[in-house]
Amino acid sequence: MKFNTAVPSSRRKNRKAHFASHSTQRRKLMSANLSKELQARHEGVRSMPIRKDDEVVITRGMYKAREGKVTAVYRKKFVVHIERIHREKANGATVPVGIPASSLCITKLKMDKDRKDLLERKAKGKKSKAADEEVVMSNVD
């Protein structure tokens with residue numbers, strides 16, 4: 001069932017929108033889950049857009065279970081570069097390996113004013129939705 005008529009359900013149009021998205025949309029697309037400890041600390045928040053200086057653990061792929069600090073968020077390629085995750089090229093040069101943001105779990109957030117506001121806003125939104133559901137369920141009886 002289609003909920004929003006402004007969003008196309010066509011695979012072709014969705015892919016075009018994804019790959020033609022601009023940087024501010026890509027920031028949101030490149031979100032990663034928070035660790036269980038962070039989810040408990042910031043109630044109602046499951047994921048956050050990833051940024052430089054966050055500490056992450058890789059959850060999928062060849063580098064699974066490796067930890068490190070984010071050195072770069074490469075929005076153009078939809079990848080994140082993490083310190084100490086490098087590979088050697090044929091000519092001997094080392095290059096950082098791009099890891100998709102969906103394969104990461106944030107273990108420590110780099111906090112600043114904007115991020116703190118975002119966490120509070122997301123938590124507040126979740127609490128109001130939960131309260132609305134309780135009111136709806138109380139009307140059922």
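I take a salt bridge to be a side-chain nitrogen of Lys or Arg within 4 Å of a carboxyl oxygen of Asp or Glu. With that in hand, I opened the notebook on glutamate 83 and arginine 84, which form a salt bridge with their closest N and O atoms 3.1 Å apart.

**Ground rules**

I am working on a predicted model, where local features need pLDDT of at least 70, side-chain atom pairs count only at pLDDT 80 or more, and totals for chains, interfaces and linings use all residues. Residues are numbered from 1 along each chain as its sequence is written, and side-chain values use heavy atoms, with hydrogens and water left out.

**Confidence**

I looked up pLDDT (the predictor's confidence in each residue, from 0 to 100). The protein has a mean of 91, and 93% of its residues reach 70 or more. By element, β3 has the highest confidence at 97, while α4 has the lowest with a mean of 79. Helices (H or I, at least four residues) and strands (E, at least two) are DSSP runs, numbered from the N terminus.

**Around β3**

I count two strands as paired if DSSP finds at least two bridges between them. Strand β3, residues 55-58, pairs with β4, residues 67-74, in the antiparallel sense over three bridges. Glutamate 55 stands opposite lysine 69 of β4. Then I checked β7, residues 104-108: four bridges join this strand to β3, again antiparallel. Here isoleucine 58 has leucine 104 as its bridge partner.

**Salt bridges**

How many salt bridges does a search of the whole structure find? The search finds four. As a reminder to myself, side chains of opposite charge can pair when their charged atoms come close.

For accessibility I use relative accessible area: buried is under 20%, exposed is over 50%, and partly exposed is in between (1.4 Å probe, protein chains only). In the pair I began with, glutamate 83 is partly exposed at 29%, and arginine 84 is exposed at 53%.

Next came arginine 51 and aspartate 112, whose closest N and O atoms are 3.0 Å apart in their salt bridge. This pair links distant parts of the chain, 61 residues apart: arginine 51 is in the loop between β2 (47-49) and β3, and aspartate 112 is in the loop between β7 and α4 (113-140). Arginine 51 is partly exposed at 27%, and aspartate 112 is partly exposed at 29%.

Buried or exposed: what is arginine 115? Arginine 115 is buried at 5%, and its salt-bridge partner aspartate 54 is buried too, at 0%. Their closest N and O atoms are 2.8 Å apart. Arginine 115 lies in helix α4 and aspartate 54 in the loop between β2 and β3, so this pair ties together parts 61 residues apart in sequence.

**The largest pocket**

I searched a 1 Å grid over the protein atoms alone, where a pocket is an open set of points with protein on both sides within 12 Å along at least five of seven lines, and lining residues have an atom within 4 Å of a point. The largest pocket holds about 210 Å³ of space. Its lining includes Arg51, Asp112 and Arg115, names I already had from the salt bridges. Helix α4 gives the most to the lining, with three residues.

**Glycine 125**

Last, I looked at glycine 125, which is placed in helix α4. Glycine 125 is partly exposed at 26%. Its C-alpha atom is separated by 8.3 Å from that of glycine 44, although the two are 81 residues apart along the chain.

Technical notes
1 Å grid on protein atoms, 1.4 Å probe; cavity = no way out; pocket = protein on both sides within 12 Å on 5 of 7 lines; lining within 4 Å. Points joined across faces, edges and corners; volume = space filled by probe spheres on them.
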